[in-house]
Amino acid sequence: MTKFILQRLLAGFLTIASLSVVAFFLLYLSAGDAARNIVGQNAPQELVDRKADELGLERPLITQFLEWAGGAVQGDLGRSWFTGQTVTEALTTRLPVTLTLTIGAVLLSAIIAVLLGVIASQRRGIIDRFIQIGSVTLAAVPGFLIALVLALVFALTLRWFPATGYVRPGASLVGWLSTITLPIIALSIAATAGVAQQVRGSMIDANRLDYVRTLRARGLPERRVLFMHVLRNAAAPALSVLGLQFIVLFGGAVVVEQVFSLPGLGQTAITATSQGDVPVVMGLVILTALVVFIVNLAIDLLQGWLNPKMRQS
Amino acid sequence: MKHTRTLRLAAAVVATLVGLTACAGEQPSDDATAQSGELKLGVVNPNTSFAPWEAAWAMESPYLQAVYDTLLRAEPDGTIVAGLADKWEWDQSKTKLTLTLRDGVTFSDGAPVTAEVAAESLKRFRDGTAANASYLTSVADAEAVDEKTLLVSLKSPDPSLLTSLSQNAGLVGSPAMWEDPDASNNPIGSGPYVLDKEETIVGSTYVFDAKEGYWDPESVHYDKITMNLYSDATALMNAIKGGQVDATASQTPTQIPEAEAAGFKSQLTEATWAGFVLADREGKLNPALKDVRVRQAINYALDREGLVKGLAAGYGSPTAQTFDKSSDAYLPELDDAYPYDIEKAKKLLAEAGYASGLDLVMPSNNFVPESEFAVYKEQLGKAGINVTWETTGDDLFGKMLGGTWAAFPMVLETPKSGWAGIQFALAPWAPFNVFKGTDPKVMEYMTTLGTAEGEEAQKASQDLNRYVVEQALFAPAYRAQSAFFTKPGISVELQSDNGMPYLWNIKPES
């Protein structure tokens, strides 16, 4: 297991390192007239030159990259060209919001998806069909539309939740919950649909396995067969989908954060890309790669824990 | 059994979540927060920097006015009044300005506001990278005569200087910021509020707490101000309807009816004009534009009423001048100087030798709806002006101001005086005089405006405006309206020389 983890860590490091090189050169080459964007469109050329000089944009790209990479390995990703804030600080202050949404949405969708998947696979018939059609329909609805409808109904009409804004959990736990509930629900709906389908399929397959039939024949209580054996067997593929959903949701949070005006990475991503704030965009690329890597590793480990056979493979 | 327990636990967590969030709906009503001394102000531009020498202004002014004082202040009508300096005086030649700072003002770190700090602030702004650094180009030197007396020496007279000192050029921050690498996010000013760093999320939410012992308590109306950035139009409208903002600027004029329907009052301003900059007046790139008849033909070819309806959803005023009603150069009759007349446009083109048509290459971009370029192309096409749009990306402004196109469509701020108009778009050093041509007549007006005051200044500004319109140096189409929304219980007085009202003019209704 240790060897497996070490191998994965090395592979992860190499992937992120090569991604950094490619991303850096692509981003910096396409940055356009960055200094002009920063000082403003109406500024005279002299000011533009002053800014370019201050940021060292006139130096060879390779020099700029080596300086960035040197800082990056020590955890220093540079400073935002626009706000002057360190990229590390800009991302770490916003990461908790996006992670809260993503983890919340994954947990919520996992719970509901398992319930729906189990019901659909056990009851079959009309309930199964209803759940299936419902899942496919919901999965097809764009996230922003769900977010808008939720905001309209629960925030603007019923006034149960605030329509926009974020409260830190440290400031008010109730306030925090009220600001993240609708975004989490908005994010989780499409994810639930996908995972529920996966759970249902895997449960049906697992139900047909010989040893499950044997357990039932031996008179083991149905609930125990279902949750201890069938679900455990069906969990591995569901986990893969859930892992994938986590990554999709992490990116999908952009739209939901925008609709609810939450200070997460999504807002940073939109601002940084539209302004051409290359250091921040680079930071986002690295952070996203790290998240994808960590989630994949966690899924592999979880699957190994659930299914010992996978550890050997 | 372990799994069953987990499921039960999960169910319990969900139930608690639902219960707790339901309680959230019973939080104090929105009206209560306004009365409790908090202002929730919506902002639509991110804050460039809190470092005074990098600071922007216009829509970003509230961030800076919360924590800093400016050397001078401007009333809503633009009149200059005391700020950090309570006295100021020009010498005979109008090239030396002496400012006397008020006594006993300190920065939030306890350091005193002295003439020496103010002098250094001015020089740092002039030599820094703020978008308006050119406001202080005329400043030759700034020095402290004594602890409270600041002497600013100019290379040549600059009638805009006092206004500049009431904006970002006049911001004064603590010397402790000068060498601080985090200065852009760590303001230390002498202003009415201090930034609550704990509650602030840079680029999203800024929380300011009123400072005790501020020298001008009359201008402080709230104990706390929370500024939330709304970069998304739907989020801003939801915040208005959901009561998450008390006052905010609009993002687009189309939000006006929706905000009013939500019970907000909207006050309109016209601070920008949309149309064409006919930059190549010397015919370097497109010889046709050297001929005043061609430039006038472009003006006659614009159906301004149609453009207001089509491009600004009706929220605009057709105009052929670049100055707005609050400017000393404004002349109402110039709004209608070039009535829509295709035949006249064709006739002028024919006289100039372009009877068979004129080709004009201009830049288009992806941040303005494609339809806008189509509308312009169609309108100019009717008069025989064949527009070819050249698509550009992020490099648009650099190329545009570098003289790549003879003319281009633009939305520009309306200058507040003849002098400001010259500095912005007409003088050889002006950023929007992209071919850097010198117009002797404009330079004559500039000399007059440099020292003129009162009626003399107004007359020179108006004469300049008339000249610019007659010469068709631009082809403005309309002044675009923007709105500032306030909920009941809050009053606001708009600023004639700034897109965002000044912070002390947003207050509880008495």
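A residue counts as buried under 20% relative accessible area, as exposed over 50%, and as partly exposed in between. The structure on display is a predicted model, and the tour below moves through it by selection.

**Stop 1: helix H10 of chain B**

Select residues 342-351 of chain B, which form helix H10. Within this helix, Lys347(B) and Glu351(B) are 4 residues apart, about one turn. Their side chains form a salt bridge, with the closest N and O atoms 3.8 Å apart. Glu351(B) has a relative accessible area of 43% and is therefore partly exposed, whereas Lys347(B), at 56%, is exposed. Elsewhere in chain B, salt bridges that share partners join Glu120(B), Arg124(B) and Glu179(B) into one network.

**Stop 2: two further salt bridges**

Over all chains, the structure holds 27 salt bridges. Select Asp210(A) and Arg213(A) next; their side chains meet in one of these, at 3.7 Å from N to O. The two residues are separated by about one helical turn because they are 3 residues apart in helix H9 (residues 210-217) of chain A. Both Asp210(A) and Arg213(A) are exposed.

Then select Asp246(B) and Lys487(B), whose side chains meet in a salt bridge at 3.3 Å, N to O. This pair links distant parts of the chain, the two residues being 241 apart. Asp246(B) lies in the loop between H6 and strand S13 (247-249), and Lys487(B) in the loop between strand S19 (474-486) and strand S20 (490-492), of chain B. Are Asp246(B) and Lys487(B) buried or exposed? Asp246(B) has 0% relative accessibility and so counts as buried; Lys487(B), at 6%, counts as buried as well.

**Stop 3: strand S6 of chain B and its partners**

Select residues 96-101 of chain B, strand S6, and display the side chains. In a regular strand the side chains alternate between the two faces of the sheet. Along S6(B), Leu97(B), Leu99(B) and Leu101(B) point to one face and are buried. Lys96(B), Thr98(B) and Thr100(B) point to the other face and are not buried.

Add strand S5 (residues 85-90) of chain B, which pairs with S6(B) in the antiparallel sense over 5 bridges. Which residue of S6(B) is the bridge partner of Glu89(B)? The partner is Thr98(B). S5(B) and S6(B) form a hairpin with 5 residues between them. In the turn, Lys94(B) has a positive phi of about 60 degrees.

Now add strand S8 (residues 149-154) of chain B: S6(B) and S8(B) also pair in the antiparallel sense, over 5 bridges. Here the bridge partner of Thr100(B) is Thr149(B).

**Stop 4: two alanines with positive phi**

Most residues other than glycine have a negative phi. Select Ala58(B), where phi is near 45 degrees, a positive value. Ala58(B) is found in the loop between strand S1 (38-43) and helix H3 (61-67) of chain B. With a relative accessible area of 38%, Ala58(B) is partly exposed.

Move on to Ala313(B), whose phi is near 50 degrees and likewise positive. Its place is in the loop between helix H9 (304-312) and strand S15 (316-318) of chain B. At 41% relative accessibility, Ala313(B) counts as partly exposed.

**Stop 5: the interface of chains A and B**

Display both chains and select the contact residues: 54 of chain B are in contact with 44 of chain A. The area buried between the two chains is about 4,300 Å², and carbon and sulfur atoms give 56% of this area. Across this interface there are 16 residue pairs in polar contact and 2 salt bridges. Asp182(B) and Arg79(A) meet through their side chains in a salt bridge (3.0 Å, N to O).

The elements of chain B that give two or more residues to the side touching chain A are helices H1 (2-24), H4 (115-127), H6 (233-242) and H12 (396-401), together with strand S18 (408-413). The largest share, 8 residues, comes from H1(B). By class, this side of chain B has 24 nonpolar, 19 polar and 11 charged residues.

End at Thr83(A), in the loop between helix H4 (61-72) and helix H5 (87-123) of chain A. Which residues of chain B does Thr83(A) touch? Thr83(A) touches Asn47(B), Thr48(B), Ser184(B), Asn185(B) and Val202(B). At 18% relative accessibility, Thr83(A) counts as buried, because the cut-off for that class is under 20%.

How values were computed. Residues are numbered from 1 along each chain as its sequence is written. Chains are lettered from A and ligands numbered from 1 in the order in which they are written. This is a predicted model: local features need pLDDT of at least 70, side-chain atom pairs count only at pLDDT 80 or more; totals for chains, interfaces and linings use all residues. Side-chain values use heavy atoms; hydrogens and water are left out. Buried means under 20% relative accessible area, exposed over 50%, partly exposed in between (1.4 Å probe, protein chains only). Two strands pair if DSSP finds at least two bridges between them. Contact means heavy atoms within 4.5 Å. Buried area is the accessible area (1.4 Å probe) that two parts lose on being put together, summed over both. A salt bridge is a side-chain nitrogen of Lys or Arg within 4 Å of a carboxyl oxygen of Asp or Glu. A polar contact is a pair of N or O atoms within 3.5 Å; within protein, one must be able to donate a hydrogen and the other to accept it, and residues adjacent in sequence count only if both atoms are side-chain atoms. Ala, Val, Leu, Ile, Met, Phe, Trp, Tyr, Cys and Pro count as nonpolar, Asp, Glu, Lys and Arg as charged, and the others, Gly among them, as polar. Lists of a residue's contacts leave out its neighbours within four places in sequence.
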